[in-house]
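Please open the structure in a viewer and keep the selection panel at hand. The stops below are given in the order in which they may be selected.

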Amino acid sequence: MSRDRDFSDQPDNRLEGLLRDALREEAETVVPAGDGLSRIQHTVQERRARRRWLQPVLAVTSAVVLVLAGFGAYAFVGHDRGNDKVVLGHQSDSPNPEPTSAAPSPSEAPVSDVHFPKLAIFPFTSATEERNWEKEYAAGSTPWAADPKTVALMWVDNILGQPSVDKVTGQQIAGHRAVIGLGRVVGGESAQPVDVTSVSLQKFGNAWIVVGADDPTSNLTLSSPQPHEAVSSPLTVTGPGFGVDESLQVDVRDAESPTSYGSGRTGFGNGTTQWQVDVPFTTPSKAVGTVVAVLTSNADGGPQRITAQQVRFTSTAQPGGGTPAYFYAVKDNRITQFASRDGSAIRYLTDAQPGGPVSDPQVSATGDRIYYVQGVGTCADRLMAVFINAPHGPYQVTTADTGYRIAGFAATNKPDTTSGNPHDVTALFETACDGRLSPQAKLVTTDADGNRHVINYPSMPPKINGNPSFEPGQTVPWVPRYLDAYVQTGMSGYLARYDLANPDGPTPATHACPGFDGNNGEPQAIENDASGQLWVAIQTGSSMDVVRCRPNAPVHAFTIPGNDQPADVDVTSDGSAVLLTDVDGKVWRWDGSGSAVELHPSVPLTQVTW
Amino acid sequence: MDAPTRMHDQRDADEALVALYTTHYRSLVRMAALLLRDVPAAEDVVQDAFVAMHGSWRRLRDTDSALAYLRQAVVNRSRSRLRHLKVVERKAPAPMPDAASAEHSAFLALERGEVVAALGRLPRRQREVLVLRYYSDLSEAQIAATLGISAGAVKSHASRGIAALRDTLERLHESRP
């Protein structure tokens with residue numbers, strides 16, 4: 001850009017600097033919804049389909065034109081479904097006759113690499129997945145095959161959670177292999193990007209598949225585990241030391257989603273010959289994952305080097321059997337890890353917290369930290385978080401507004417811990433400490449960029465009972481659009497769905513669990529799983545029931561007989577296991593089928609999470 | 001055009017669309033949002049611009065031309081959207097005279113949100129020039145091409161815009177306790 005050469009006759013540099021900073025800061029708050037490409041492609045597809053219809057209409061005007069148009073239509077449509085690497089739409093609605101000579105369909109296209117890459121990470125980890133995608137791709141129902149640059153950028157941004165690494169700094173594409181250099185800009189948008197990682201890809205069929213990423217300087221390498229090695233928790237990750245005062249985070253992640261199963265941190269340098277990080281991780285639901293090492297820049301806290309490789313998990317949670325090994329609750333006013341097997345306490349994650357009781361622990365969407373409220377019931381309470389596997393202590397996420405206390409909360413986070421900014425996304429239901437204060441309550445949501453949205457409750461009821469729960473965002477989990485809550489409107493209430501983009505007051509018209517019959521019992525606790533399915537704990541009078549809502553009518557999951565009152569329900573991200581507590585502190589575990597099992601922790605636990 | 005050529009064009013257009021989307025979609029939405037002050041509308045405008053660019057790919061052929069086309073389409077469509085809403089010119093103050101600043105340092109005390117708000121009250125052309133200049137980092141010639149005006153007009157709008165902004169911010173600063 002030539003901005004320094006132009007406008008040189010306009011002094012007032014300070015105002016210009018302020019304007020530039022203000023615009024950039026304002027722009028940073030704008031986060032596109034993420035479905036832009038699919039919406040554009042859909043429109044393009046519709047236009048193309050309309051154009052296909054035009055040809056036969058024109059053709060009837062002349063016999064000669066008919067012949068030519070028919071031939072043209074065949075050539076156009078036939079070749080579209082054949083050789084194009086980029087296929088936009090379903091072609092079967094074409095008014096043109098089927099081609100008589102076959103151009104190869106995408107699913108029949110020559111396979112660039114006969115063998116599926118052994119080290120495949122993203123977007124497919126098996127040939128079957130890729131083949132299934134090819135079939136959908138041929139039918140036009142999925143976006144087209146992307147080029148290796150796009151795949152590499154998408155992987156680093158959406159799967160590794162490193163959106164700042166968004167510049168292509170180099171590329172080598174030879175046959176069915178590609179290496180894409182990616183970097184980020186440090187110190188202003190006009191600066192040259194610095195190299196952060198080199199993403200290796202292989203082509204199989206029509207897909208480019210990430211098979212690993214390396215530090216372009218070859219300093220950050222992994223000695224163990226080896227690529228494709230079978231690993232189990234806790235995983236010891238090692239590599240040769242280098243540099244001065246280096247800060248490293250290692251994650252064990254799902255290969256095809258932003259899920260982190262566990263993470264660990266270490267510092268090294270100053271002559272260290274080898275670094276080592278122990279990474280305990282929850283039982284994955286898939287067989288293939290990724291070990292990702294991110295070195296943090298001392299300059300700005302952003303990612304400096306990224307190395308990633310595929311690993312296989314020796315034990316994986318099967319559908320219906322995905323019970324995590326641990327859950328978390330409060331013991332001795334400390335966030336504590338418990339064994340899911342029997343409820344025995346394992347270790348403390350925090351010291352005894354000051355300022356009053358601690359309550360409501362909730363594991364974050366990324367699984368690496370636990371949110372909780374410190375000083376419950378006081379007007380100096382705070383929403384805190386502590387990392388499960390990191391050495392540093394708790395940090396304050398947010399507080400209620402002055403004069404209010406936290407009566408319930410939901411929290412999630414953007415998976416970007418390397419920048420030092422935790423990017424917490426919160427919803428606080430705040431009630432006034434003083435009965436004369438107006439409004440009497442408010443629902444305050446804060447997104448990952450710190451933007452606040454407030455819904456006021458002039459008086460109560462209506463009010464939110466218990467904790468609300470974010471539905472995961474449609475594109476990425478940390479940009480939720482909907483918040484579910486049990487709203488008490490008087491003597492009774494309903495499961496409400498707040499549209500955070502278009503709030504319609506404290507009693508939204510939309511129900512979070514369509515078809516739910518409140519006559520069967522009153523909801524006492526709710527929780528969304530990662531697919532956006534809402535789980536509800538109900539007190540029926542003769543039992544505690546747990547049901548799951550969406551996409552269809554509520555479905556009963558399990559029952560605990562007896563006239564107990566549910567206190568908390570917590571579900572694993574894949575919905576395969578549930579914890580339920582009652583107000584007396586009894587805890588039950590449900591493993592996806594059959595009856596729930598009562599656990600026997602040494603202390604009553606009313607609030608649990610996993 | 002023969003079928004193979006058309007097919008090749010389509011493939012190029014599709015690939016260019018994905019490449020340009022990956023690289024520029026976010027910054028274009030942000031630029032449009034600065035012009036419109038409405039993020040959903042900004043996304044609509046930019047998506048429409050991408051569709052139009054895809055349809056015009058045969059004329060554009062390369063990504064540099066396509067990016068210039070996208071910028072121009074986004075600005076034009078943002079302008080149309082604002083015109084449709086009939087708010088921008090009604091709310092815009094009269095152009096400010098070029099005046100020397102007395103208290104530059106005062107600006108630093110102001111919140112950046114106030115700067116953006118003040119920018120939003122500028123006449124449309126001035127706002128467009130300042131956004132393209134100070135957010136998109138375009139050169140004078142690029143801004144002229146994007147807006148379809150002369151380089152001299154760009155310079156004039158920029159100068160008047162900065163002067164108006166300065167005046168607004170100084171008045172805001174003086175009005176504070």
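Begin by selecting A:Asp591, which is partly exposed with a relative accessible area of 22%; the class covers values between buried, under 20% relative accessible area, and exposed, over 50%, for a 1.4 Å probe and protein chains only. Its partner is A:Arg589, and the closest N and O atoms of this salt bridge are 2.9 Å apart. A salt bridge is here a side-chain nitrogen of Lys or Arg within 4 Å of a carboxyl oxygen of Asp or Glu. A:Arg589 has a relative accessibility of 11% and therefore counts as buried.

The model is a predicted one, in which local features need pLDDT of at least 70 and side-chain atom pairs count only at pLDDT 80 or more, whereas totals for chains, interfaces and linings use all residues. Residues are numbered from 1 along each chain as its sequence is written, chains are lettered from A and ligands numbered from 1 in the order in which they are written, and side-chain values use heavy atoms, with hydrogens and water left out.

**Further salt bridges in chain A**

Select A:Arg341 and A:Asp342 next. These two residues form a salt bridge with 3.6 Å between the closest N and O atoms. A:Arg341 is exposed, with a relative accessible area of 62%, while A:Asp342 is partly exposed at 31%.

Move on to A:Arg369 and A:Asp424, whose side chains meet in a salt bridge at 3.5 Å, N to O. Which parts of the chain does this pair tie together? A:Arg369 belongs to strand β16 (residues 369–374) of chain A and A:Asp424 to strand β20 (residues 424–432) of chain A, so the pair joins parts that are 55 residues apart in sequence. Strands are DSSP runs of E with at least two residues, helices are runs of H or I with at least four, and both are numbered from the N terminus. Both A:Arg369 and A:Asp424 are buried.

**A strand residue and chain A as a whole**

Select A:Tyr482, found in strand β24 (residues 482–488) of chain A. Apart from neighbours within four places in sequence, A:Tyr482 is in contact with A:Ser469, A:Phe470, A:Glu471, A:Arg497, A:Tyr498 and A:Asp499; contact means heavy atoms within 4.5 Å. A C-alpha to C-alpha distance drawn from A:Tyr482 to A:Asn502 should read 9.7 Å, for a separation of 20 residues in sequence.

Now display the whole of chain A, which has five helices and 34 strands. Of its 610 residues, 52% count as buried. Among the contacts in chain A with a separation of 6 or more, 51% are between residues 24 or more positions apart.

**From chain A to chain B**

Select helix α1 (residues 13–28) of chain A together with α8(B). The two helices pack at an angle of about 85°, with their axes 9 Å apart. That makes α1(A) roughly perpendicular to α8(B). Axes are lines fitted to C-alpha atoms, for helices over the stretch in contact, and angles run from 0 to 180 degrees between N-to-C directions. Angles under 35 degrees count as roughly parallel, over 145 as roughly antiparallel, 65 to 115 as roughly perpendicular and the rest as oblique. On the α1(A) side, show A:Glu16, A:Leu19, A:Arg20, A:Leu23 and A:Arg24; they meet B:Leu130, B:Val131, B:Arg133 and B:Tyr134 in α8(B).

**Within chain B**

Keep helix α8 (residues 124–134) of chain B selected and add helix α9 (residues 140–147) of chain B: their axes come within 10 Å and cross at roughly 135°. α8(B) and α9(B) are therefore oblique to each other. The contact involves B:Arg125, B:Glu128, B:Val129, B:Leu132 and B:Arg133 of α8(B), with B:Ile143, B:Thr146 and B:Leu147 of α9(B).

Next, select B:Arg79, B:Arg124, B:Arg125 and B:Glu128, which are linked in a network of salt bridges. Over all chains, a search of the whole structure finds 23 salt bridges.

Select B:Glu43, placed in helix α2 (residues 39–55) of chain B. Is B:Glu43 buried or exposed? At 8% relative accessibility, B:Glu43 counts as buried. The C-alpha atoms of B:Glu43 and B:Leu28 are 8.7 Å apart, and the two residues are separated by 15 residues along the chain.

Finally, show the whole of chain B, with ten helices and zero strands. Of the 177 residues of chain B, 52% count as buried. Among its contacts between residues at least 6 apart in sequence, 72% join residues at least 24 apart.
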